[in-house]
Amino acid sequence: RSALLGEAFEMNVVGVVRNPEKHQGKFTVVSVKEMDKELKNSDFVVNCLPLTPETKNIFDKKILSKFKTGS
């Protein structure tokens, strides 16, 4: 749903998933390992991940430092 809302505001939406090859569709999808590249070019980041041991603290200081300046 977040992707559809972003598209409604004419945003370029990029999803981050474990297995991008399983998610072919309307939006660009990258792996978690490729997330860094997307963060440095993103104006907005929306975290819609479920809270699991794997996702807890995913946006730590190291990842936050990779965000685009001003995002």
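The following questions and answers concern a predicted model.

Q: How many salt bridges does the structure hold?
A: A salt bridge requires a side-chain nitrogen of Lys or Arg within 4 Å of a carboxyl oxygen of Asp or Glu. One pair that meets this rule is aspartate 36 with lysine 66, at 2.8 Å from N to O. By this rule the count is three.

Q: Which residue forms a salt bridge with glutamate 54?
A: Glutamate 54 lies in the loop between helix H2 (35–39) and helix H3 (61–64), and its partner lies in the loop between strand E1 (14–17) and strand E2 (28–31), so the pair ties together parts that are 36 residues apart in sequence. The closest N and O atoms of the pair are 3.4 Å apart. The partner is arginine 18.

Q: Is glutamate 54 buried or exposed?
A: A residue is exposed if its relative accessible area is over 50%. The relative accessibility of glutamate 54 is 53%. Its salt-bridge partner arginine 18, with 63%, is exposed. Glutamate 54 likewise counts as exposed.

Q: How many residues apart in the chain are aspartate 36 and lysine 66?
A: The side chains of aspartate 36 and lysine 66 meet in a salt bridge. The pair links distant parts of the chain, with aspartate 36 in helix H2 and lysine 66 in the segment after H3. Aspartate 36 is partly exposed at 25% relative accessibility, and lysine 66 is partly exposed at 28%. The separation along the chain is 30 residues.

Q: Which residue forms a salt bridge with lysine 68?
A: The closest N and O atoms of this pair are 2.6 Å apart. Lysine 68 lies in the segment after H3 and its partner in the loop between H2 and H3, so the pair ties together parts that are 25 residues apart in sequence. Lysine 68 is partly exposed, with a relative accessible area of 31%, while the partner is partly exposed at 46%. The partner is aspartate 43.

Q: What is the volume of the largest pocket?
A: The largest pocket is lined by 40 residues. Helix H1 (2–8), E1, E2 and H2 are the elements that give two or more residues to this lining. The volume of the pocket is about 1200 Å³.

Q: Which residues are the closest to the centre of the largest pocket?
A: The lining of the largest pocket divides into 21 nonpolar, 13 polar and six charged residues. From the 40 lining residues, those closest to the centre of the pocket are Val13, Val14, Gly15, Val16 and Val46.

Q: What is the separation of the C-alpha atoms of valine 46 and glycine 6?
A: Valine 46 has its place in the loop between H2 and H3. It is exposed, with a relative accessible area of 61%. Valine 46 and glycine 6 are 40 residues apart along the chain. Their C-alpha atoms are separated by 9.8 Å.

Q: Is the aromatic pair of phenylalanine 59 and phenylalanine 67 stacked or edge-to-face?
A: The structure holds one aromatic pair. Its ring centres are 6.1 Å apart. Planes over 60 degrees apart count as edge-to-face. The planes of phenylalanine 59 and phenylalanine 67 stand at 80°, so the pair is edge-to-face.

Q: Which backbone oxygen does the side chain of threonine 55 reach?
A: Threonine 55 is found in the loop between H2 and H3. It is buried, with a relative accessible area of 16%. Its side chain reaches, at 2.5 Å, the backbone oxygen of proline 50.

Q: At what distance does the side chain of serine 42 reach the backbone oxygen of glutamate 38?
A: Serine 42 has its place in the loop between H2 and H3. At 17% relative accessibility, serine 42 counts as buried. The distance from its side chain to the backbone oxygen of glutamate 38 is 2.6 Å.

Q: What is the phi of asparagine 57?
A: Most residues other than glycine have a negative phi. Asparagine 57 is found in the loop between H2 and H3 and counts as exposed at 60% relative accessibility. Although asparagine 57 is not a glycine, its phi is positive, at about 65°.

Terms used: Residues numbered from 1 in each chain as written. Predicted model: local features only at pLDDT ≥ 70, side-chain atom pairs only at ≥ 80, totals over all residues. Heavy atoms only, no water. Helix = DSSP H or I, 4+ residues; strand = E, 2+ residues; numbered from the N terminus. Buried < 20%, exposed > 50% of the residue type's maximum accessible area, 1.4 Å probe, protein only. 1 Å grid on protein atoms, 1.4 Å probe; cavity = no way out; pocket = protein on both sides within 12 Å on 5 of 7 lines; lining within 4 Å. Points joined across faces, edges and corners; volume = space filled by probe spheres on them. Nonpolar A, V, L, I, M, F, W, Y, C, P; charged D, E, K, R; others polar. Phe/Tyr/Trp six-rings, centres within 6.5 Å; stacked < 30°, edge-to-face > 60°. Polar contact = N/O pair within 3.5 Å; in protein donor to acceptor, adjacent residues only side chain to side chain.
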